[in-house]
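Thanks for coming, everyone. I have one structure to walk through today. Let me put it on the screen.

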Amino acid sequence: MAKNRSGKIVVDIEVIESPAFRELSGTAKDVYLRFLTKRVMKKIRDSRANKGFVIANNGEICFPYSEAEKMGIPRATFARALDALVEMGLIDIAHAGSGGVKGDVSLYGISDRWKTYGTPEFIPMFREKDLRCGKALRKYHLQKQTSVS
(Lines give C-alpha, C1' and ligand atoms only; values in the text may rest on other atoms or scores of the structure.)
Protein backbone atom coordinates (compact mmCIF):
# COMPACT_ATOMS: atom_id res chain seq x y z
CA MET A 1 0.00 0.00 0.00
CA ALA A 2 1.13 3.54 -0.67
CA LYS A 3 2.46 5.61 2.18
CA ASN A 4 1.22 9.01 3.21
CA ARG A 5 3.16 11.25 0.84
CA SER A 6 1.45 14.56 1.58
CA GLY A 7 3.92 15.43 4.33
CA LYS A 8 0.99 16.23 6.61
CA ILE A 9 -0.81 14.36 9.33
CA VAL A 10 -4.15 15.11 10.88
CA VAL A 11 -4.57 14.67 14.61
CA ASP A 12 -7.99 15.26 16.10
CA ILE A 13 -7.96 17.84 18.89
CA GLU A 14 -10.05 15.36 20.88
CA VAL A 15 -7.06 12.98 20.92
CA ILE A 16 -4.60 15.69 22.01
CA GLU A 17 -6.88 16.83 24.84
CA SER A 18 -7.66 13.29 26.02
CA PRO A 19 -6.36 11.97 29.37
CA ALA A 20 -4.81 9.02 27.52
CA PHE A 21 -2.66 11.24 25.28
CA ARG A 22 -1.73 13.68 28.05
CA GLU A 23 -0.38 10.83 30.21
CA LEU A 24 2.04 9.67 27.50
CA SER A 25 5.76 10.39 27.70
CA GLY A 26 7.30 12.64 25.08
CA THR A 27 8.78 9.64 23.27
CA ALA A 28 5.43 7.81 23.26
CA LYS A 29 3.81 10.91 21.73
CA ASP A 30 6.53 11.01 19.06
CA VAL A 31 5.99 7.31 18.30
CA TYR A 32 2.21 7.84 18.08
CA LEU A 33 2.66 10.70 15.63
CA ARG A 34 4.96 8.49 13.54
CA PHE A 35 2.23 5.82 13.54
CA LEU A 36 -0.17 8.45 12.20
CA THR A 37 2.21 9.19 9.30
CA LYS A 38 1.99 5.52 8.33
CA ARG A 39 -1.79 5.63 7.87
CA VAL A 40 -3.22 5.43 4.38
CA MET A 41 -6.42 7.43 4.42
CA LYS A 42 -9.20 6.61 2.01
CA LYS A 43 -12.08 8.94 1.27
CA ILE A 44 -15.50 7.34 1.71
CA ARG A 45 -18.86 8.42 0.43
CA ASP A 46 -22.19 6.84 1.01
CA SER A 47 -25.57 7.24 -0.59
CA ARG A 48 -26.61 9.86 1.97
CA ALA A 49 -23.83 12.20 0.79
CA ASN A 50 -21.88 11.75 4.00
CA LYS A 51 -18.20 12.12 3.38
CA GLY A 52 -15.36 11.07 5.59
CA PHE A 53 -12.17 9.09 5.74
CA VAL A 54 -11.22 5.62 6.86
CA ILE A 55 -7.77 4.16 7.52
CA ALA A 56 -7.30 1.80 4.58
CA ASN A 57 -4.31 0.01 6.11
CA ASN A 58 -5.52 -0.21 9.71
CA GLY A 59 -4.18 -3.40 11.25
CA GLU A 60 -1.41 -3.52 8.64
CA ILE A 61 0.82 -0.72 9.93
CA CYS A 62 4.41 -1.85 10.39
CA PHE A 63 6.79 0.00 12.72
CA PRO A 64 9.84 -2.18 13.43
CA TYR A 65 12.37 -1.61 16.19
CA SER A 66 15.05 -1.01 13.55
CA GLU A 67 13.12 2.01 12.26
CA ALA A 68 12.77 3.41 15.77
CA GLU A 69 16.51 2.97 16.29
CA LYS A 70 17.17 4.97 13.10
CA MET A 71 15.05 7.74 14.66
CA GLY A 72 17.35 7.67 17.69
CA ILE A 73 14.97 5.77 19.97
CA PRO A 74 16.66 2.95 21.90
CA ARG A 75 14.95 -0.47 21.80
CA ALA A 76 13.93 -0.42 25.47
CA THR A 77 12.49 3.10 25.16
CA PHE A 78 10.57 2.09 22.02
CA ALA A 79 9.19 -0.97 23.82
CA ARG A 80 7.97 1.24 26.70
CA ALA A 81 6.36 3.63 24.20
CA LEU A 82 4.55 0.75 22.48
CA ASP A 83 3.40 -0.57 25.87
CA ALA A 84 2.00 2.84 26.80
CA LEU A 85 0.25 3.36 23.45
CA VAL A 86 -1.45 -0.05 23.70
CA GLU A 87 -2.33 0.38 27.38
CA MET A 88 -3.84 3.85 26.80
CA GLY A 89 -5.87 2.62 23.82
CA LEU A 90 -4.18 4.64 21.07
CA ILE A 91 -2.92 1.63 19.09
CA ASP A 92 -3.74 -2.07 19.01
CA ILE A 93 -1.56 -4.98 17.98
CA ALA A 94 -3.17 -6.75 15.03
CA HIS A 95 -0.37 -9.33 14.72
CA ALA A 96 2.48 -9.93 17.14
CA GLY A 97 5.63 -10.73 15.19
CA SER A 98 7.91 -13.56 16.22
CA GLY A 99 10.63 -11.34 17.64
CA GLY A 100 13.31 -11.38 15.01
CA VAL A 101 12.32 -14.06 12.53
CA LYS A 102 12.76 -12.43 9.16
CA GLY A 103 9.46 -11.51 7.54
CA ASP A 104 7.28 -12.01 10.62
CA VAL A 105 6.86 -8.42 11.81
CA SER A 106 4.36 -6.97 14.23
CA LEU A 107 1.42 -5.17 12.65
CA TYR A 108 -0.54 -2.42 14.36
CA GLY A 109 -3.80 -0.57 14.02
CA ILE A 110 -4.80 2.90 15.15
CA SER A 111 -7.39 2.45 17.88
CA ASP A 112 -10.13 4.60 19.36
CA ARG A 113 -10.19 2.78 22.72
CA TRP A 114 -8.58 5.93 24.15
CA LYS A 115 -12.01 7.60 24.05
CA THR A 116 -13.09 5.59 27.10
CA TYR A 117 -9.71 5.62 28.90
CA GLY A 118 -10.21 6.27 32.61
CA THR A 119 -13.85 5.17 32.58
CA PRO A 120 -15.48 1.87 33.56
CA GLU A 121 -16.17 1.24 29.83
CA PHE A 122 -12.47 1.22 28.95
CA ILE A 123 -11.23 -2.15 27.65
CA PRO A 124 -7.63 -2.53 28.79
CA MET A 125 -5.14 -4.34 26.59
CA PHE A 126 -1.49 -5.07 27.15
CA ARG A 127 1.36 -5.98 24.87
CA GLU A 128 2.57 -9.52 25.54
CA LYS A 129 6.04 -9.55 27.02
CA ASP A 130 8.69 -11.72 25.39
CA LEU A 131 10.40 -13.25 28.40
CA ARG A 132 13.11 -14.88 26.29
CA CYS A 133 16.36 -12.97 26.28
CA GLY A 134 20.03 -13.09 25.39
CA LYS A 135 21.47 -16.52 24.66
CA ALA A 136 18.13 -18.20 25.29
CA LEU A 137 16.49 -16.13 22.55
CA ARG A 138 19.28 -16.87 20.07
CA LYS A 139 19.07 -20.58 20.93
CA TYR A 140 15.28 -20.51 20.43
CA HIS A 141 15.62 -18.97 16.95
CA LEU A 142 18.40 -21.39 15.96
CA GLN A 143 16.23 -24.35 17.00
CA LYS A 144 13.29 -22.93 15.10
CA GLN A 145 15.38 -22.41 11.94
CA THR A 146 16.88 -25.92 12.02
CA SER A 147 13.48 -27.55 12.62
CA VAL A 148 12.06 -25.79 9.54
CA SER A 149 14.97 -26.84 7.29
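One definition before we start. I call something a salt bridge when a side-chain nitrogen of Lys or Arg sits within 4 Å of a carboxyl oxygen of Asp or Glu. By that rule, Glu69 and Arg75 form a salt bridge, at 3.7 Å from N to O. And a caution: this is a predicted model.

Overall layout next. The chain has 149 residues, and 28% of them count as buried. There are six helices and four strands. Reading from the N terminus, the order is α-α-α-β-β-α-α-β-β-α. Now the contacts in the chain with a separation of 6 or more. Residues 24 or more positions apart account for 57% of those.

Back to the charged pairs. How many salt bridges does the structure hold? Three. You have met Glu69 with Arg75. Glu69 is partly exposed, because its relative accessibility is 39%, between the 20% and 50% cut-offs. Arg75 is partly exposed as well, at 45%.

Next pair: Glu67 and Lys38. Their side chains meet at 2.8 Å, N to O. This salt bridge links distant parts of the chain, 29 residues apart. Glu67 is in helix α4, residues 65-70. Lys38 is in the loop between α3 and β1. Is Lys38 buried or exposed? Buried, because its relative accessible area is 12% and the cut-off is under 20%. Its partner Glu67 comes out at 23%, so Glu67 counts as partly exposed.

Then Arg113 and Asp92. This salt bridge is also listed at 2.8 Å, N to O. Arg113 lies in the loop between β4 and α6, and Asp92 lies in strand β3, so the pair ties together parts 21 residues apart in sequence. Arg113 is at 11% relative accessibility, which means it counts as buried.

Now the helix packing. Look at α3, residues 26-37, and α5, residues 75-87. Their axes come within 9 Å and cross at roughly 75 degrees. Angles from 65 to 115 degrees count as roughly perpendicular, so α3 is roughly perpendicular to α5. Which residues meet there? From α3: Thr27, Ala28, Val31, Tyr32 and Phe35. From α5: Thr77, Phe78, Ala81, Leu82 and Leu85. By class, this contact has eight nonpolar residues, two polar and no charged ones.

That leads into the core. As background, nonpolar side chains in soluble globular proteins tend to be buried together. Here the largest nonpolar core has 25 residues. Those with the most contacts inside this core are Leu24, Val31, Tyr32, Phe35, Leu85, Leu90 and Ile91. At least two residues each come from α2, α3, α5 and β4. Which element gives the most? That is α5, with six residues.

Two residues to click on. Start with Tyr32. Skip everything up to four places away in sequence. Tyr32 then touches Val15, Phe21, Leu85, Leu90, Ile91 and Ile110.

Now Ile110, in strand β4. Ile110 has a relative accessible area of 14%, under the 20% cut-off, so it is buried. Leave aside neighbours within four places again. Ile110 is in contact with Tyr32, Phe35, Leu36, Arg39, Ile55, Asn58, Ile61, Leu90 and Ile91. As for Leu85, its C-alpha is 9.7 Å from that of Ile110, with their positions 25 residues apart along the chain.

Last stop, the N-terminal end. Val11 lies in the segment before α1. Val11 is partly exposed, with a relative accessible area of 25%. Beyond neighbours within four places, Val11 is in contact with Ile16, Leu33 and Leu36. Take Leu36: 25 residues from Val11 in sequence, 8.0 Å away C-alpha to C-alpha.

Glu14 follows, in helix α1, residues 13-16. Glu14 is partly exposed, at 48% relative accessibility. How far apart are the C-alpha atoms of Glu14 and Lys115? They are separated by 8.6 Å, for residues 101 apart along the chain.

To recap: three salt bridges, a roughly perpendicular α3 and α5 pair, and a largest nonpolar core of 25 residues. Over to you.

Note on methods: Residues are numbered from 1 along each chain as its sequence is written. This is a predicted model: local features need pLDDT of at least 70, side-chain atom pairs count only at pLDDT 80 or more; totals for chains, interfaces and linings use all residues. Side-chain values use heavy atoms; hydrogens and water are left out. Buried means under 20% relative accessible area, exposed over 50%, partly exposed in between (1.4 Å probe, protein chains only). Axes are lines fitted to C-alpha atoms, for helices over the stretch in contact, and angles run from 0 to 180 degrees between N-to-C directions. Angles under 35 degrees count as roughly parallel, over 145 as roughly antiparallel, 65 to 115 as roughly perpendicular and the rest as oblique. Contact means heavy atoms within 4.5 Å. Ala, Val, Leu, Ile, Met, Phe, Trp, Tyr, Cys and Pro count as nonpolar, Asp, Glu, Lys and Arg as charged, and the others, Gly among them, as polar. A nonpolar core is a set of buried Ala, Val, Leu, Ile, Met, Phe, Trp, Tyr and Cys residues joined through side-chain atoms within 4.5 Å.
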